[in-house]
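Subject: Structure handover, salt bridges

Hello,

Here is the structure I said I would pass on. Please have it open while you read the notes underneath.

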Amino acid sequence: GYAARQLNQISAFGAWFDVVIDICGRGYLWCLLYDWGYLVAALEWIVFVCTHTQGSEWKKSYIQAPWFVSMVMANNFKTPMGAFVITGLHFLPVWLYAYYTNFLKSGLGLPVWVQFSGICMLSSARAVCMFVEVWCVWSHIRYLLSDEANRDVNGRHTTNGSLKSG
């Protein structure tokens with residue numbers, strides 16, 4: 001994604017593919033690290049489906065979100081809170097993998113306090129990210145249950161595949 005933006009080689013497919021590759025990579029690491037890692041990967045996939053069904057402008061659809069969600073998503077995540085959360089999302093599984101493989105100590109020579117500080121900071125960022133993810137899923141479920149989502153193109157209310165006047 002970063003290279004595509006720098007080279008002005010962006011496209012809707014590229015943006016979608018970038019997210020898919022990121023989720024696959026993180027999902028692999030979560031599953032490698034923990035027996036329950038698939039739950040983190042599953043949540044990321046569910047959020048991906050919920051947000052991207054809204055098209056390329058999905059980030060802007062959360063304008064009326066609670067303040068904490070708005071803080072994270074403001075300016076395409078280019079705020080201190082957005083950067084914090086995205087850092088936890090992307091780097092926690094990598095940091096944990098480096099910790100469990102002893103790379104942080106033997107490869108980078110980081111003292112134990114730095115290793116654990118990284119785990120604590122990235123875990124807290126990922127926890128905030130998870131809270132926002134759950135809110136996004138809940139918001140999408142509420143939309144799917146709304147009258148707006150259950151109207152056909154002619155404005156008729158649909159329920160369980162049948163049409164009702166209204």
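The notes below cover the salt bridges and where their residues sit.

Please keep in mind that this is a predicted model. Side chains of opposite charge can pair when their charged atoms come close. The structure contains 3 salt bridges.

Start with Glu44 and Arg26, whose closest N and O atoms are 2.7 Å apart. Glu44 belongs to helix H3 (residues 37-52) and Arg26 to helix H2 (residues 12-33), so this salt bridge ties together parts that are 18 residues apart in sequence. Glu44 has a relative accessible area of 4%, and Arg26 has one of 8%. Buried means under 20%, so Glu44 counts as buried, and so does Arg26.

Glu44 also forms a salt bridge with Arg126, at 3.2 Å from N to O. Arg126 is in helix H7 (residues 112-144) while Glu44 is in helix H3, so here the parts tied together are 82 residues apart in sequence.

Arg126 in turn pairs with Glu133, with 2.9 Å from N to O. Both ends of this salt bridge are buried: Glu133 has a relative accessibility of 6%, and Arg126 has 7%. Through shared partners, the salt bridges join Arg26, Glu44, Arg126 and Glu133 into one network.

If you want a place to begin looking, try Glu44, which has salt bridges to Arg26 and to Arg126.

Regards

How values were computed. Residues numbered from 1 in each chain as written. Predicted model: local features only at pLDDT ≥ 70, side-chain atom pairs only at ≥ 80, totals over all residues. Heavy atoms only, no water. Salt bridge = Lys/Arg side-chain N within 4 Å of Asp/Glu carboxyl O. Helix = DSSP H or I, 4+ residues; strand = E, 2+ residues; numbered from the N terminus. Buried < 20%, exposed > 50% of the residue type's maximum accessible area, 1.4 Å probe, protein only.
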